[in-house]
Amino acid sequence: MMRDVRLMLIGFGNVGRAFASLLMQKEETLRKDYGIRAKVTGIITARHGACINPDGIQLTEALRLVENKQSLASLGTQTFEGNTLDFIKSCPADVLVETTPVNPQAGTPAIDHLHAGFEHGLHGITANKGPVVYAYQKLNQLAQSKGLKFRFESAVMDGAPIFSLHRKTLAGAEIEGFVGILNSCTNLLIEAMEVGTSLEDAILHAQQIGIAESDPSNDVDGWDAAIKVAALSTVLMNHPITPLEVDRTGIRGITSEMIAEAKAKGKRWKLVCRGGWQENNFIAQVKPEMVSADSPLYSVAGTSSFVSFALDVLPGLGILESDPSPKTTAFGVLADLIDIYQGVE
Ligand SMILES: NC(=O)c1ccc[n+]([C@@H]2O[C@H](COP(=O)([O-])OP(=O)(O)OC[C@H]3O[C@@H](n4cnc5c(N)ncnc54)[C@H](OP(=O)(O)O)[C@@H]3O)[C@@H](O)[C@H]2O)c1
């Protein structure tokens with residue numbers, strides 16, 4: 001059976017554009033292997049306008065316009081004026097794909113976008129950690145009450161299968177804890193310090209190559225890692241916590257002396273994320289740790305991420321994601337789209 005699926009893209013930045021490219025690249029796979037004939041009927045951005053075309057927007061042209069810092073408005077076949085919530089109500093679609101920037105303090109406005117989408121009868125996919133950390137249960141319940149699906153594979157470790165693995169393949173198993181390296185920026189900064197660069201110079205370089213933001217505290221002070229710990233605890237361990245409840249220490253306290261001491265012992269510093277039950281206490285932590293060469297964390301290099309789960313039926317199961325990019329993240333969104341329609345008659 002062939003199904004027409006109309007997509008509304010909220011956000012057309014690195015991830016939104018990579019997803020549009022991947023949709024074109026995988027058009028035949030979607031059609032032949034999954035019976036999905038997808039078209040994008042609307043795109044809205046913050047500074048590059050919006051467009052609605054119920055017959056399907058020309059994605060190559062949309063990419064060209066935004067990459068040339070032009071507005072998308074000329075691609076629309078019906079006029080639209082209003083904000084993103086108005087857009088969600090106006091654009092004919094079946095799935096809302098949310099890729100706006102994360103708000104680490106509250107998860108809005110992405111939460112409001114997804115909420116409006118579910119109210120309006122659309123499935124929801126996001127790559128944004130905010131809604132997962134601050135509104136997972138509320139959004140999931142709303143979606144389920146309307147027979148809709150809420151998916152967010154790319155919110156942690158880009159397109160690596162974490163949430164779908166838990167939901168499908170690990171059905172019946174119980175996750176008791178996890179440990180990992182979930183922030184690639186700090187991993188790179190520590191590596192730069194290992195070859196003699198100061199933290200300040202390493203941050204400057206990371207900003208120049210687009211790895212660190214202009215305000216690096218989100219990474220350096222462990223907030224991004226804490227958000228990911230909160231997301232994994234909330235969804236995989238059914239233990240909802242906010243990033244503020246994560247015991248968090250960033251990497252500012254790591255000195256060149258500490259790096260040298262670790263090296264002399266054949267060890268390395270890593271910003272380690274942990275979550276899990278110890279006795280009757282739930283431990284959620286982000287902290288620099290000196291790891292030895294026999295730890296799987298030791299060789300996690302550059303922008304790669306790693307997580308290892310302890311399960312009641314599998315003592316250790318690790319996932320390493322190497323060299324992520326917006327395309328990797330876009331794959332998580334595509335996998336969510338396929339998942340929404342797989343098995344649906
Ligand atoms: N980059 C990655 O590889 C990666 C990996 C994992 C997860 N993520 C998550 O994916 C999301 C997107 O990341 P990104 O790198 O694509 O960000 P980005 O390049 O900054 O793009 C964000 C997009 O959202 C638009 N936008 C902002 N506020 C909006 C609003 N209120 N309504 C509609 N559109 C709005 C922006 O419009 P303008 O273009 O006009 O500014 C832009 O198109 C983030 O939540 C991020 O944490 C990203």
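How many bridges join strand β4 to strand β5? Good morning, colleagues. The model before us is a predicted one, and I shall take that question as my starting point. Strand β4, residues 95–98, and strand β5, residues 123–126, are joined by four bridges, and the two strands run parallel. Within this pair, Val97 has Ile125 of β5 standing opposite.

Let me now place the pair in its sheet. The sheet is open and consists of six strands, whose order is β3-β2-β1-β4-β5-β6, with mixed pairing. At the edges stand β3 (50–52) and β6 (150–151); each has a single partner strand, so one side of each is left without a neighbour in the sheet.

A helix also belongs in this part of the picture. Helix α13, residues 326–341, lies across β1 (3–10), β2 (36–44), β4, β5 and β6. With respect to β5, α13 runs at about 160°.

I turn next to a pair of helices. In general, two packed helices are described by the angle between their axes and the distance between the axes. For helix α8 (residues 184–194) and helix α9 (residues 199–208), the axes come within 9 Å and cross at roughly 130°. An angle between 115 and 145 degrees counts as oblique, and α8 and α9 are therefore oblique to each other. The crossing of α8 past α9 is right-handed.

Which residues make the contact? From α8 they are Cys185, Leu188, Leu189, Ala192 and Met193, and from α9 they are Leu199, Ala202, Ile203, His205 and Ala206. Nine of the residues in this contact of α8 with α9 are nonpolar, one is polar and none is charged.

Definitions and conventions. Residues are numbered from 1 along each chain as its sequence is written. This is a predicted model: local features need pLDDT of at least 70, side-chain atom pairs count only at pLDDT 80 or more; totals for chains, interfaces and linings use all residues. Axes are lines fitted to C-alpha atoms, for helices over the stretch in contact, and angles run from 0 to 180 degrees between N-to-C directions. Angles under 35 degrees count as roughly parallel, over 145 as roughly antiparallel, 65 to 115 as roughly perpendicular and the rest as oblique. A crossing is left-handed if the near helix is turned anticlockwise from the far one by less than a right angle, and right-handed if clockwise. Two residues are in contact if their C-beta atoms, placed from the backbone, lie within 7 Å. Ala, Val, Leu, Ile, Met, Phe, Trp, Tyr, Cys and Pro count as nonpolar, Asp, Glu, Lys and Arg as charged, and the others, Gly among them, as polar. Two strands pair if DSSP finds at least two bridges between them.
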